[in-house]
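Q: Got a minute to go through this one with me? Here it is.
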Amino acid sequence: MHFFQSQESLTEIQWILRAIVSFFFLLIVAKIMGQRSMSQLRLLDYIIALIIGNIIAHPLSDPELGLKGSMITMTVLVLLYLTGVFLSLKWGTFRKFVETPPFPLIENGEIISRGLNRARISIDVLLTELRKEKIEDPKKVSLALWEPDGTISFFMDPQYQAVTPSELQIGTKAFHYPITIIKEGKIDHTELNRIGKDELWLTNTIKNTYNLDVKEILLATMDPNDHIKLFLYIS
């Protein structure tokens, strides 16, 4: 366990052990912090990610820095982070401090310049986000909000919104998400059992209908009518 302590130099094995321990420790830290810190990089998430990255990087490149001290520091920071998340959920004043409420960048087709300044983005960034949403004219936007996680939410003017079947009084079928039953040549037995099918039924169906083996299939999905759609390996 000497690789935990600061030393003048480390052997190749000790360097490897430090990397392995750090990797799995970071996995545990990420798991404790939850999906929020990875999917929505807000102020608290940005701060903790920046600090943890610096703390764990130093002992992985400098033998005179002990790994144990970095792990203790990271543990304290994660506890502070979780406390901050809890406070932001329970205490409105603290939440407003760390997560700025949404504010408009576009209102009724007019670009709000003070909103751009507040978000610290240029008009070019706004135009880029409009293009990503397939919006060619800001005049068609009823409202665009700058969100706390740095994204922009767009709401189109009603006259430019797509007409829905309900507005045209057209009947529609219920939505059903296709079930994945084969991935990369392997049968998903959990999903298969959930819908009351077995491996023998699946292999026979694929063989009789498509004359294929399961290992030849990259992806297979099935709808509620037991119709199977296949995606094959393409070299």
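A: Sure, one definition to start: a charge sits over a ring if NZ of Lys or CZ of Arg is within 6 Å of the ring centre and within 35 degrees of the ring normal. Also, this is a predicted model, where local features need pLDDT of at least 70, side-chain atom pairs count only at pLDDT 80 or more, and totals for chains, interfaces and linings use all residues. Residues are numbered from 1 along each chain as its sequence is written, and side-chain values use heavy atoms, with hydrogens and water left out.

Q: OK, which ring does the charged end of Arg118 sit over?
A: The ring of Phe103, with 4.3 Å to its centre. Lys197 has its charged end over the ring of Trp201, 4.7 Å from the centre.

Q: And how many aromatic pairs?
A: Zero, counting rings of Phe, Tyr and Trp (its six-membered ring) with centres within 6.5 Å.

Q: Switching topic: how do β7 and β8 pair?
A: Antiparallel, over five bridges, with β7 at residues 217–222 and β8 at 228–232. Pairing takes at least two DSSP bridges, and strands are DSSP E runs of at least two residues. Thr221 stands opposite Lys229 in β8.

Q: What's in the turn of that hairpin?
A: Five residues lie between the strands, and Asp226 in the turn has a positive phi of about 65°.

Q: What percentage of the chain is buried?
A: 30% of the 235 residues, where buried means under 20% relative accessible area with a 1.4 Å probe, protein chains only.

Notes:
Helix = DSSP H or I, 4+ residues; strand = E, 2+ residues; numbered from the N terminus. Phe/Tyr/Trp six-rings, centres within 6.5 Å; stacked < 30°, edge-to-face > 60°. Buried < 20%, exposed > 50% of the residue type's maximum accessible area, 1.4 Å probe, protein only.
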